[in-house]
Amino acid sequence: MASGEGENVYNYEGVDPKDKKKAQKELHENPDQVRAHIASLRRWVTSAPHLTCPTDDAFLLRFLRTAKFDQSRAQQLVDNFCTVRKSPRGSPEWFEPLPLDSPIIEEALKLPMNIFLGYNDDGEGIIYSSMDNYDPDRINFNDLARFAYMNADTMMKPEKIQINGCRFIMNLKNANKKQTQAWENPRTAFKMMRNWQDAFPIRTKALVYWHEPAFFELMFRIIMPFMKEKLRKRLHRCGTDFSKLKKAIGPGAERLLPPEMGGQNRPMEELLAERYKMFKSAEAQAERAKLATITVDESKRLPTTKDYLKTYDDSADPSMGIAGTFTKLDPNFCDFFTSSATRSCIGWHSPVMCRPYIRPVLVEHPADRAHIS
């Protein structure tokens, strides 16, 4: 039994002393109180009538660490983690596991997406993705999302990643508009960002873009309204500047990058083979089986948890932009979204269709509200 794969048994087995010290400093993790924190979160989970989910130490600890041992935040994370998977309020269509022998899985495992490159010198995990060889006619967006979440569920399990967090690299050098077309749907963009920021136990230390194409500006502006300020501050746009990329990855970047990207790591072919083994391993299958036991019964949901997970309709509510913290309207931003060229490019037929994208972030004060006709 791995450390924490039970109740009231966690003992830091296999945790690097440096990581243990870092958890104390950055996550407010007190080794003498960890079991008590886990037990407290377990009591909340088992008393929530609408939830059924794993309650072993290892499962609950990842949420406590992401929440920096704030019990209220950890409760919300666990609830949201379950809700996005099993409730109509979430996105259950993305969490229906694909059969391991599915042709889609075999095809997706050949793609250089969500490849673990290793840890930088600060202990942060480096996750690399590229659009190379992705054909949306062969794997549609929903199936790609199902594969990505299956991959992420096992990749985020190591305690070193829980403590130190991850830096995500997106290489867009060979990307084309067809590959990113799904992100033009505001609901899709919202759900993806919501799941990542509010329903997944991961510390995102950086989101790094490299070789952004011209059309990326459009996609970036679509996604940005759904990004929290904390994540926006951790964005790195490197263009074609290799030195910027290395700096964004952190110390040890050249050691981690594969030779195809000018680094000293193993070739991408070997990294893909390693991911293939990990994805189909007995350990990965056991983790997926554990998560498959999650259920959510919305008819039994506690009133205190009804606002934990936001929906797209919540985010598009006209009242948003009155009670929140706002970003001053940039006329160029408005012109960009409502221009006939932009609407033609992404299939919008009316400026009214732009409103869901810009409503949450355009208004500094109700008197300054932008009226687009």
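The lining of the largest cavity has 31 nonpolar residues, six polar and no charged ones. In this count Ala, Val, Leu, Ile, Met, Phe, Trp, Tyr, Cys and Pro are nonpolar, Asp, Glu, Lys and Arg are charged, and the others, Gly among them, are polar. The model is predicted: local features need pLDDT of at least 70, side-chain atom pairs count only at pLDDT 80 or more, and totals for chains, interfaces and linings use all residues. Residues are numbered from 1 along each chain as its sequence is written, and side-chain values use heavy atoms, with hydrogens and water left out.

The volume of this largest cavity is about 980 Å³. Its lining takes in 37 residues, and Asn114, Met170, Trp183, Met192 and Trp196 are the closest to its centre. A cavity here is a set of points, on a 1 Å grid over the protein atoms alone, where a 1.4 Å probe fits but cannot get out. A pocket is an open set with protein on both sides within 12 Å along at least five of seven lines. Lining residues have an atom within 4 Å of a point. Grid points are joined across faces, edges and corners, and a volume is the space filled by probe spheres set on the points.

Which elements give two or more residues to the lining of the largest cavity? They are S3, helix H6 (141-155), strand S4 (166-171), helix H8 (186-198), S5 and helix H9 (216-223). H6 supplies the largest share, eight residues. Helices (H or I, at least four residues) and strands (E, at least two) are DSSP runs, numbered from the N terminus.

Now follow the strands. S4 pairs with S3 in the parallel sense, over six bridges. Within that pairing, Gly125 has Cys166 of S4 as its bridge partner. S4 also pairs with S5, again parallel and over six bridges. There, Asn171 has Trp210 of S5 as its partner. Two strands pair if DSSP finds at least two bridges between them. Five of the six residues of S4 are buried, so this strand is largely enclosed by the rest of the structure. Buried means under 20% relative accessible area, exposed over 50%, and partly exposed in between (1.4 Å probe, protein chains only).

Two cavities of 30 Å³ or more turn up in a search of the whole structure. The second largest holds about 60 Å³ of space. Arg62, Phe81, Ala152, Asp153, Met156, Phe200, Pro201 and Leu291 line it. By class, that lining has six nonpolar, no polar and two charged residues.

Turn next to the second largest pocket, with a volume of about 420 Å³. It is lined by 16 residues, and Arg73, Gln197, Ile202, Thr204 and Lys230 lie nearest its centre. Helix H4 (71-86), H8, S5 and helix H10 (229-232) each supply at least two lining residues. The lining of this pocket has six nonpolar, three polar and seven charged residues. Domain 1 (17-92) and domain 2 (98-292) each give at least three residues to the lining. These domain bounds come from an automatic or database domain assignment.

Charged side chains also meet in pairs. A search of the whole structure finds 29 salt bridges. A salt bridge is a side-chain nitrogen of Lys or Arg within 4 Å of a carboxyl oxygen of Asp or Glu. Asp57 and Arg42 form one of them, at 2.4 Å, N to O. Asp57 lies in helix H3 (residues 57-66) and Arg42 in helix H2 (residues 34-47), so the pair ties together parts that are 15 residues apart in sequence. Are these two residues buried or exposed? Asp57 counts as buried at 1% relative accessibility. Arg42 also counts as buried, at 11%.

Glu106 and Lys280 make another salt bridge, with the closest N and O atoms 2.3 Å apart. This pair links distant parts of the chain: Glu106 is in helix H5 (residues 103-108), and Lys280 is in the loop between helix H13 (268-279) and helix H14 (282-291), 174 residues apart. Glu106 is partly exposed, at 26%. Lys280 is partly exposed too, at 23%.

Lys205 and Glu124 meet in a salt bridge at 3.4 Å, N to O. Lys205 sits in strand S5 (residues 204-210) and Glu124 in the loop between strand S2 (115-119) and strand S3 (125-130), 81 residues apart. Both Lys205 and Glu124 are buried. Finally, salt bridges link Asp56, Arg62, Lys157, Glu283, Glu287 and Lys290 in a network. Arg62 of this network also lines the second largest cavity.
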